[in-house]
Amino acid sequence: MSPLTFDDAGAVEWDEEADVVVVGFGGAGASAALQARESGAEVILVDRFGGGGTTSYSGGVIYAGATRFQREAGFNDTVEEMLAYLKLEVGDAVRPETLRRFCAGSAADVDWLIAHGVRYASDAYLEKTTYPPEGKFLYYSGNEKSPAFAAKATPAPRGLRAVGAGFGGAHYIAALRRAIQDEGIALLAHTRVSRLVCDAGGAVIGVEVFQLAADKQAEQQALYEKVSPYVPHNHGRTDRALAAMTALEQRHARRRLIRARGGVVLATGGFAYSRGLLDTFSPEVARHYKAIQRLSTMGNDGGGLSMGMSVGGAVAHMDSLYIARNIAPPEALLEGVLVNRSGERFVSEDAYVSLIGGEVARQPGGDAWLLVNAGCFWRSVSDALTCGWQRFTYFGLPMLVNYLLGGTRRGGTAEAAARRIGVDPARLAATVREHDDDIAAGRPDRVGKMEALRRPIGRGPIYAINMSMRNRHALTKLMTLGGLKVDEETGDVLTDGGAPIRGLYAAGMCAAGLHSNGYISGLSLADGVFSGRRAGRSAAAQATGNHAKAAAGRRPAKARG
């Protein structure tokens with residue numbers, strides 16, 4: 001899409017004006033809007049749907065260190081230990097000074113969220129899990145306790161889950177929605193931003209939108225809510241809903257121009273719903289697109305990225321993906337060994353879900369199986385059926401469906417199981433034997449599993465659970481992690497040459513940031529607050545400088561594009 005460009009931007013007949021226009025009402029957009037307002041700016045927040053984005057469906061976990069909640073739970077975490085750990089996870093996704101600034105300010109960001117109504121607590125769950133059970137709000141949300149990481153940084157639980165029943169994202173967004181209303185921020189919901197508006201010099205000065213008629217908004221929202229990121233195999237339902245919503249917009253939406261005196265902040269999420277961008281940047285993963293569960297809402301269609309690129313914005317880490325492969329819960333399965341089509345282990349089974357998923361995707365054909373003995377297998381079934389409704393819905397039930405429909409095979413011995421899944425029997429048997437012999441001899445695990453989770457598999461029977469990418473019942477969960485390049489001090493979108501694009505900022509999953517080399521739970525929400533506040537602050541400051549330049553009484557401008 002090309003931007004709409006005006007030769008004389010000062011004479012445009014704008015339908016609305018504000019100091020800052022934020023596109024996308026998820027966690028990052030809400031943070032940008034609230035910070036801009038606190039910095040003295042008049043703010044308009046625009047969302048194609050009802051607002052909330054992927055954040056509202058998330059676990060509501062923010063990653064933060066040296067917080068009072070950790071101290072209340074008995075952990076003396078420090079900024080330095082958090083920094084030492086995140087250096088291993090984040091790598092070169094951001095500059096060292098940016099990572100340090102994030103770590104040093106993470107506790108203050110939590111306090112800022114609390115001031116806006118988000119609630120946290122110190123009730124800790126300290127076992128290995130993807131998401132804590134009800135009543136627990138502090139946990140190890142990444143790889144902190146894995147031996148390779150613990151050797152370099154003192155482990156501490158830093159995943160803070162928003163207080164409330166079920167997944168915390170709904171409570172997190174509800175609090176920020178109330179804060180937005182209380183702060184007097186204008187929310188234009190059910191309003192699709194179609195393109196950026198620029199002046200003759202290339203500066204971004206506003207947006208073109210199509211606002212859905214008020215009497216059609218409930219119909220669009222009902223279509224939107226039919227497609228939950230947690231409902232698997234929803235590609236057909238999604239396509240139908242998107243087609244219906246697009247038809248509504250084409251028939252019942254009114255075109256408007258909104259001026260941004262200080263700048264536009266793009267906070268539109270990633271591009272998991274863009275098959276075209278996935279084909280371009282991750283063709284091997286796109287090959288399994290119909291088997292993938294997109295762990296984001298329909299607004300993550302790459303629209304913000306495309307708008308940024310349309311005015312010269314550069315992108316980074318576009319081939320970096322969150323590919324989740326859940327093993328636990330149920331926690332019993334952590335005792336198994338994960339092998340590829342060669343019958344060899346390739347990743348620690350207790351690693352974070354996206355580390356496991358990414359390694360599975362890198363194996364030949366994306367093939368992998370989890371081997372467990374009969375006792376472990378049946379304990380996992382029992383655990384799934386008795387783990388509580390929330391954990392059953394999101395973890396237990398999908399696992400049981402995979403057992404029944406995903407190609408799980410049973411063999412009386414490792415060799416027999418290998419033949420059932422098409423893996424070399426001798427190599428697979430040797431892998432199981434080496435695993436068990438290492439435990440008996442007290443040797444460290446060959447791929448770095450935590451000692452507390454190591455159990456011998458034994459002679460048999462052995463169950464091989466299909467964890468392959470092509471297995472649609474294994475629920476490969478996908479989010480995209482790359483985005484627009486930004487100035488790490490200000491949030492300005494940058495060109496390939498590193499120059500800032502005047503008036504354009506990006507935040508959250510729409511921008512390259514802390515999460516872009518890899519993902520642990522809580523890092524995207526934390527980055528959304530960090531980068532959202534940064535962009536909101538910068539755009540508000542720019543607006544203050546621009547107020548004196550406002551002109552009046554000019555003739556209507558001629559548009560190009």
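## Burial and surface

A residue counts as buried when its relative accessible area is under 20%, as exposed when over 50%, and as partly exposed in between (1.4 Å probe, protein chains only). By that yardstick, 60% of the 561 residues in the protein chain are buried. This is a predicted model, where local features need pLDDT of at least 70, side-chain atom pairs count only at pLDDT 80 or more, and totals for chains, interfaces and linings use all residues. Residues are numbered from 1 along each chain as its sequence is written, and side-chain values use heavy atoms, with hydrogens and water left out.

## Overall build

The protein chain has 17 helices and 23 strands; these are DSSP runs numbered from the N terminus, helices being H or I of at least four residues and strands E of at least two. Its C-alpha atoms fit a box of roughly 85 × 50 × 45 Å along the principal axes.

Say two residues are in contact when heavy atoms come within 4.5 Å. Taking contacts between residues at least 6 apart in sequence, 76% join residues at least 24 apart.

## Two nonpolar cores

A nonpolar core is a set of buried Ala, Val, Leu, Ile, Met, Phe, Trp, Tyr and Cys residues joined through side-chain atoms within 4.5 Å. The largest has 68 residues, and L504 is among those with the most contacts inside it, along with L196, V207, V264, L266, L333 and L338. Helix α13 (residues 374–385) chips in the most, with five residues.

Beyond its neighbours within four places in sequence, L504 touches residues including G308, V311, G491 and D492. There's also a second, separate core of 66 residues, with V43, I62, A267 and V529 among them.
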